[in-house]
Amino acid sequence: MYDYVIVGGGSAGCVLAARLSEDPAVSVCLLEAGPKDRHPLIHIPVGTLWLMRSKVLNWRFHTEPEPQMRSRRMFWPRGRMLGGSSSMNAMCYTRGDAWDYDHWAALGNRGWGYADVLPYFRRAEDQERGASEFHGSGGPLHVSDFKAPSELTRNYIRAGEQAGFPATDDFNLPHPEGVGFFQATQKRGLRWSAAKGYLKPAMSRPNLTVLTDARATRLLLEHPDGGPRAAGVEFLQGGRARSVQARREVLLSAGAVQSPQLLMLSGIGPGAELQRHGLQVSVDLPGVGQNLQDHLDVMVTHRGKRAKSVGMTPGNLLGGPWSLYRLVARGEGMLTNTGAEGCGFIKSRPDEPIADLQIHFMPACLRDHGRDLRFLMRQGFTAHICYLRPKSRGEIRLHSADPLAAPAIHANYLSHPEDLQKMVLAVKQLRRIFAAPALDADRGEELLPGPGVQTDQQIADFVRSHAETIYHPVSTCKMGSDALAVVDDELRVRGVRGLRVVDASVMPTLVGGNTNAPTIMIAEKASDLIKAAAR
């Protein structure tokens, strides 16, 4: 029996476990389906390439065949260990535009405007440049600059300026726009995940219990007078069925894919969907699993003329011992990054009110989420680009009532025609940057999309055949008050007492940037809401 039971030891779960256990009078149990974050390749940033392939530390989801994407079943990697996806992502620290949060508030979510959430971004942050109006210092999440970025990335930034986009050194101001370097959630060149920043310092507290390899299978509901109440969680550990009870609240932080899945397995969700799988309906909540949003991403890749790439080229592989020395001694070098050094927030057209495209520039040849190692051995450079506020909506459904079965992911990419139009413009904007003089000495032939892809129709066909996720699924348990809202603006599940969802699934809409920092912010704010409710 614990006061709070948290399901999911990813970014949000680590924050909740650390913040709630600050009160020694409160007992907290954190359940994580994966193992501890002990593998060394979790902490060495370049290890992301291996984590993409891991069958132990990566859930390795796939969508159902996507109708607008040549019926491809698209790969969705998600972290399966303490720290969740913060233990395997590219560590890019961006928050989105102030407009995104003011839009959440305009949709009726009180307390979620930009002025409301900025203090939580600042509280979370340990910005190595120091505190300012928009940045925090001394928080659990260390944010740093790359110590020795690639010359190729510097040339990309100069090319962006030559193409008419301003240079910026801070993408976390209220309205980010321009080209520059990412900041990363690192410290001395090593990954600084939510597990390392939040959970590890709290692990010695006697009032915090962390159970790994504990796969939640069902929420336990009581049905006293006044409607259902979340009383605990059933889980599997070591082949045995176990359960934990919650005196106060169950906090669901399993992520945008598995939080709705676990709600449905527990009888909370669209009634017809649950009945189709023989599940008893406890709460008919039609929005569970609906409103799925994600950033669809397309790449432009060039062969390089000079030996400047940070990929698995023969020269870089031979320099492995030197790279290891630079990591250990100086916290810099090839091993300290996943390649995502250069950032860009740009407009698809000059009349857009705010940046609507994001660039991730990598001084390496990439294809297939970096899993194509032969392609990665070439000299060259790549830029990912995505449309930040897509209008397509998907859903998470059940394949079966088996809690160990993967859910059915229907991303419905490009189901809204505007999204494809924006992706075509995105490719054109990247090509404008890559054609600038600053890259003349580096730019070899275009490998992707390739010189044969020029017309709008050809680019659209390329997008359908080659675009992938940039790993930002959200909104499947969205916050709001409309018919599809799953949680209210205090993240309480509608129709169930003692149950909140706290993760990226509660976002009403995608933010215009990477989603890890906003997820941590959501959990920081949620911890205050939970503490206030207990007073």
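**Close-up 1. The side chain of Arg95 meets the side chain of Glu125 in a polar contact.** In this predicted model, the two side chains come to 2.7 Å from each other. Arg95 is found in the loop between β4 (75-76) and α4 (98-106). Is Arg95 buried or exposed? With a relative accessibility of 3%, Arg95 counts as buried, because the limit for that class is under 20%. Glu125 also appears among the contacts of Arg95 once neighbours within four places in sequence are left aside. That list includes the aromatic side of the view, with Tyr101, Phe121, Phe134 and His135. Leu118 and Asn172 are on the list too, and so are Val511, Ala517 and Pro518, which carry much higher residue numbers.

**Close-up 2. A cis peptide bond joins Leu448 to Pro449.** If you like to check backbone torsions yourself, this is a good place to stop. Omega for this bond is near -5 degrees. Pro449 lies in the loop that runs between β23 (443-448) and α14 (456-466).

**Close-up 3. Arg70 has a positive phi although it is not a glycine.** The phi angle of Arg70 is about 60 degrees. Where does Arg70 sit? Its place is in the loop between β3 (61-62) and β4. Arg70 has a relative accessible area of 44%, so it is classed as partly exposed.

**Close-up 4. Tyr471 is another residue other than glycine with a positive phi.** Here phi is near 75 degrees. Tyr471 belongs to the loop between β24 (468-469) and β25 (499-501). At 26% relative accessible area, Tyr471 is partly exposed.

**Close-up 5. The largest cavity has a volume of about 110 Å³.** How many cavities of 30 Å³ or more does the model hold? The count comes to four, and this view shows the largest of them, at about 110 Å³. Which residues line this cavity? From the lower-numbered part of the lining come Leu292, Gln293, Asp294 and Leu296. Tyr387, Pro390 and Ser392 also line the cavity, as do Ala411, Tyr413 and Leu414. Asp419 and Met423 complete the lining. By class, eight of the lining residues are nonpolar, two are polar and two are charged.

Note on methods
Residues are numbered from 1 along each chain as its sequence is written. This is a predicted model: local features need pLDDT of at least 70, side-chain atom pairs count only at pLDDT 80 or more; totals for chains, interfaces and linings use all residues. Side-chain values use heavy atoms; hydrogens and water are left out. On a 1 Å grid over the protein atoms alone, a cavity is a set of points where a 1.4 Å probe fits but cannot get out, and a pocket is an open set with protein on both sides within 12 Å along at least five of seven lines; lining residues have an atom within 4 Å of a point. Grid points are joined across faces, edges and corners, and a volume is the space filled by probe spheres set on the points. Ala, Val, Leu, Ile, Met, Phe, Trp, Tyr, Cys and Pro count as nonpolar, Asp, Glu, Lys and Arg as charged, and the others, Gly among them, as polar. Helices (H or I, at least four residues) and strands (E, at least two) are DSSP runs, numbered from the N terminus. Buried means under 20% relative accessible area, exposed over 50%, partly exposed in between (1.4 Å probe, protein chains only). A polar contact is a pair of N or O atoms within 3.5 Å; within protein, one must be able to donate a hydrogen and the other to accept it, and residues adjacent in sequence count only if both atoms are side-chain atoms. Contact means heavy atoms within 4.5 Å.
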